[in-house]
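Here are my comments on the model you sent, set out as numbered points. They deal with the cysteines, the open and enclosed spaces, and one aspartate.

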Amino acid sequence: MSYCSSMFNPLERVIVKHPRDAFISQEQLREDWRTFNFSEEPDFKEAIREYGDFISILEKYVAKINYLPASKEVGMDSLYSHDPVKFTSEGAIILKSGKEIRQAEANEYKHYCIQNDIPILGELTGEAVADGGDLVWLDDRTLVVGHGYRTNAEAIRQLKEMTEHLVDEFIVVPLPHDQGEAECLHLMSFISMVDHDLAVVHSRLMPVFFRKLLIERGIQLIEVPEDEYMNLGCNVLALAPRICVMIAGNAYTKQKLLDAKATVHEYKGMEISYKGTGGPTCLTCPVVRKKSSIMGE
């Protein structure tokens, strides 16, 4: 089986974690939300409803949705299943979060992969830290890695070594300080690939060389305005080329996607996304995406 080295090909298998198993209860949320740097205490029952709507969108397109189990070793951030691992065409790379309180999630993911016969290509060791949100496949042979507070130089060195036989271009993008070390700024905070030639971006945070590179590759950029960026409007999950899901309330970005002939699904994400700064890409870990003839795979 070929695993996932794309951000936009048709999604066939995904790993998620239900808020019942990440948030546990309202009492647990009340105890933990400040520790995990959520903006407010989520409403547990509303989070369950929001998540049900989100999964109902995925179920229309994704054949296999796998759920991570509850674990006492991890906390409420484990809802964001994208970050502890990144998939390549040969299987998973087990990461270690730059947010120390999330580092136990990597071991849980490792056990899950072993128990479910998912091959592990490699695992970060030593001082290396990285989040899945800092790794973006521009195409199946081009991997972009954000260098910031969540992903350090040693992780980049190890990732480059692990993927050397899989990629033609390994591009490192320095990330800005932005709102500070405590806040979550990933590479995927300001770019979401929606098709091989379409991306949703917030260019204010983007290094000039990287923005130019995207344009030179013929990628159309949909610019997300500041207010919608703060509402996670730049966090768009492609379920297939130009079929995507985003948080409701980002009317300008939605219209620009529609103008680009994309199909857009929305969910109310106040409890499961906005309060924890984790949009639909963060809520999902793509495992298998169908190979695309467009990209010559």
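**Notes on the predicted model**

1. In this predicted model, I would begin with Asp 139, where a polar atom of the side chain lies 3.0 Å from the backbone nitrogen of Thr 142. The side chain of Asp 139 also reaches a second backbone nitrogen, that of Arg 141, at 2.8 Å. As for its setting, Asp 139 belongs to strand E6, which covers residues 135–139, and Asp 139 counts as buried because its relative accessibility is 16%, under the 20% cut-off.

2. How many disulfides does a search of the whole structure find? The search of the whole structure returns 0 disulfides. For Cys 4 the reason is distance: the closest cysteine sulfur, in Cys 285, is 8.1 Å from the sulfur of Cys 4, which is too far for a bond, given that a disulfide requires sulfur atoms within 2.5 Å. Cys 4 counts as buried, with a relative accessibility of 3%, and Cys 282 likewise counts as buried, at 12%.

3. Turning to the open spaces, the largest pocket has a volume of about 470 Å³. Its lining is made up of 26 residues, and those closest to the centre of the pocket are Gln 179, Glu 183, Cys 184, Leu 232 and Thr 277. Sorted by class, the lining of this pocket comprises 10 nonpolar, 12 polar and 4 charged residues.

4. Among enclosed spaces, the count comes to 5 cavities of 30 Å³ or more, and the largest cavity has a volume of about 150 Å³. Of the 15 residues lining the largest cavity, Lys 99, Arg 150, Cys 184, Gly 276 and Thr 277 are the closest to its centre. Cys 184 and Thr 277 thus appear both in this group and among the residues closest to the centre of the largest pocket. By class, the lining of the largest cavity has 5 nonpolar, 4 polar and 6 charged residues.

5. The second largest cavity has a volume of about 100 Å³, and 14 residues line it, with Met 7, Met 188, Val 236, Leu 237 and Thr 281 nearest its centre. Two or more lining residues come from each of strand E9 (191–195), strand E12 (237–240) and strand E15 (285–289), and E9 provides the largest share, 3 residues. In the lining of the second largest cavity, 9 residues are nonpolar, 4 are polar and 1 is charged.

Key
Residues are numbered from 1 along each chain as its sequence is written. This is a predicted model: local features need pLDDT of at least 70, side-chain atom pairs count only at pLDDT 80 or more; totals for chains, interfaces and linings use all residues. Side-chain values use heavy atoms; hydrogens and water are left out. Buried means under 20% relative accessible area, exposed over 50%, partly exposed in between (1.4 Å probe, protein chains only). On a 1 Å grid over the protein atoms alone, a cavity is a set of points where a 1.4 Å probe fits but cannot get out, and a pocket is an open set with protein on both sides within 12 Å along at least five of seven lines; lining residues have an atom within 4 Å of a point. Grid points are joined across faces, edges and corners, and a volume is the space filled by probe spheres set on the points. Ala, Val, Leu, Ile, Met, Phe, Trp, Tyr, Cys and Pro count as nonpolar, Asp, Glu, Lys and Arg as charged, and the others, Gly among them, as polar. Helices (H or I, at least four residues) and strands (E, at least two) are DSSP runs, numbered from the N terminus. A polar contact is a pair of N or O atoms within 3.5 Å; within protein, one must be able to donate a hydrogen and the other to accept it, and residues adjacent in sequence count only if both atoms are side-chain atoms.
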